[in-house]
Amino acid sequence: MKTTFVPLTLAAILAGCLSASAVSAAEVDRAAEGRAIAAGFGAELRTALQSAMAEGGPLAAIRVCNEDAPRIARAAAEQSGAEVGRTSTRLRNPDNRPDAHEQAVLEAFAAELAAGAPESPPSRLDTLPDGRVRFMSAIIVQPQCLGCHGPDLAEPVAQAIDRLYPEDEARGYQPGELRGAFTITWPAD
Ligand code: HEC
């Protein structure tokens, strides 16, 4: 498998942080596109979550995650022609289960974070053995996630999550930990 680390910023490329042969122009384009899709997905989700929290509290916001997250991902997929989703090694929704490659990348991201907090979330672009191209970027736990992913959920929140996700493994997190990753996969050319 060809593995390519994606530079965090264009400045990093220009500064020659990568060896000249590591990344082709097409790969840089894909990485930028992947980054934009992930950022758009994340921003839409955050907006929906914040307004639901403000209007109806965490219980309303759970519905946003439950219904709107998959819907926003589908819309991003239709627009981009790529598969768009979120994945994790500790799942809330079993539909988000990682494949073998995603699992390996999640483990690499976790190791990277464990080695010291990077300035921005780790990300990378890989070409899969079947020719598909995949961009992944890490999702880090923030303080505002703890109401639904932290160690001490309010009882009604815990009950609502238990009802929707009986096999939930996505609680007990602390800020700064790896929660999962955006994962964007383009079909083989
Ligand atoms: C109001 C409750 C709530 C809050 C706040 C919340 N989440 Fe979630 N999260 C959920 C629910 C519910 C799901 C399952 C969504 C689905 O069915 O696809 C989920 C799923 C996820 C997933 C997909 C992987 C999986 O386990 O299925 C990630 C990644 C994630 N959340 C990250 C975060 C991050 C990061 C934050 C903070 C910025 C956050 N969440 C805040 C409720 C919440």
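**Exercise 1. Decide whether serine 123 is buried, exposed or partly exposed, and place the residue in the fold.**

Solution. Serine 123 has a relative accessible area of 5%. Buried means under 20% relative accessible area, so serine 123 is buried. This value, like the others here, comes from a predicted model.

Next, find the element. Serine 123 belongs to strand 3, which spans residues 123-127.

Then look at its surroundings. The serine 123 side chain forms a polar contact of 3.3 Å with the side chain of arginine 35. Another residue to compare is alanine 31, which stands 92 residues from serine 123 along the chain. The C-alpha atoms of these two residues are 9.0 Å apart.

**Exercise 2. Classify glutamine 159 in the same manner.**

Solution. The relative accessibility of glutamine 159 is 44%. Partly exposed covers the range between under 20%, which is buried, and over 50%, which is exposed. Glutamine 159 therefore counts as partly exposed.

The residue sits in helix 5, residues 155-164. Its C-alpha atom is 9.8 Å from that of leucine 59, although 100 residues separate glutamine 159 and leucine 59 in sequence.

**Exercise 3. Describe the chain as a whole: how many helices and strands are there, and in what pattern?**

Solution. Begin with the count: the chain has 5 helices and 5 strands. Now follow the sequence from its start, which gives β-α-α-β-α-β-β-α-α-β. For burial, take the 189 residues of the chain; 40% of them count as buried.

**Exercise 4. Work out which protein atom binds the iron of the ligand, and describe the shell around the ligand.**

Solution. Step one is the metal. The iron atom has a single donor from the protein, NE2 of His149, at 2.1 Å. Histidine 149 is part of helix 4.

Step two is the set of polar contacts.

- An N or O atom in the side chain of histidine 149 is 2.9 Å from a nitrogen atom of the ligand.
- For asparagine 96, a polar side-chain atom is 2.7 Å from an oxygen atom of the ligand.
- For arginine 86, a polar side-chain atom is 3.5 Å from a nitrogen atom of the ligand.

Step three asks which elements supply the shell. Those giving two or more residues are helix 2, strand 4 (133-140) and helix 4 (146-149). Helix 2 contributes the most, 5 residues.

Step four sorts the residues. There are 19 residues around the ligand, and Cys145, Cys148, His149, Tyr165 and Arg179 come nearest. By type, the shell holds 11 nonpolar, 4 polar and 4 charged residues.

**Exercise 5. Give the volume of the second largest pocket and say which residues line it.**

Solution. The volume is about 160 Å³. The lining consists of Ala26, Glu27, Arg30, Leu125, Thr127, Gly131, Val133, Trp186, Pro187, Ala188 and Asp189.

Two elements give two or more residues to this lining: helix 2 (25-80) and strand 3 (123-127). Helix 2 supplies the largest share, 3 residues.

Finally, divide the lining by type: 6 residues are nonpolar, 2 are polar and 3 are charged.

**Exercise 6. Which helix gives the most to the ligand shell, and which supplies the largest share of the lining of the second largest pocket?**

Solution. For the shell around the ligand, take the contribution of 5 residues, which comes from helix 2. For the lining of the second largest pocket, take the share of 3 residues, which also comes from helix 2.

Terms used
Residues numbered from 1 in each chain as written. Predicted model: local features only at pLDDT ≥ 70, side-chain atom pairs only at ≥ 80, totals over all residues. Heavy atoms only, no water. 1 Å grid on protein atoms, 1.4 Å probe; cavity = no way out; pocket = protein on both sides within 12 Å on 5 of 7 lines; lining within 4 Å. Points joined across faces, edges and corners; volume = space filled by probe spheres on them. Helix = DSSP H or I, 4+ residues; strand = E, 2+ residues; numbered from the N terminus. Nonpolar A, V, L, I, M, F, W, Y, C, P; charged D, E, K, R; others polar. Near = heavy atom within 4 Å. Polar contact = N/O pair within 3.5 Å; in protein donor to acceptor, adjacent residues only side chain to side chain. Donors = N, O, S within 2.8 Å, 3.2 Å for Na, K, Ca; no water. Buried < 20%, exposed > 50% of the residue type's maximum accessible area, 1.4 Å probe, protein only.
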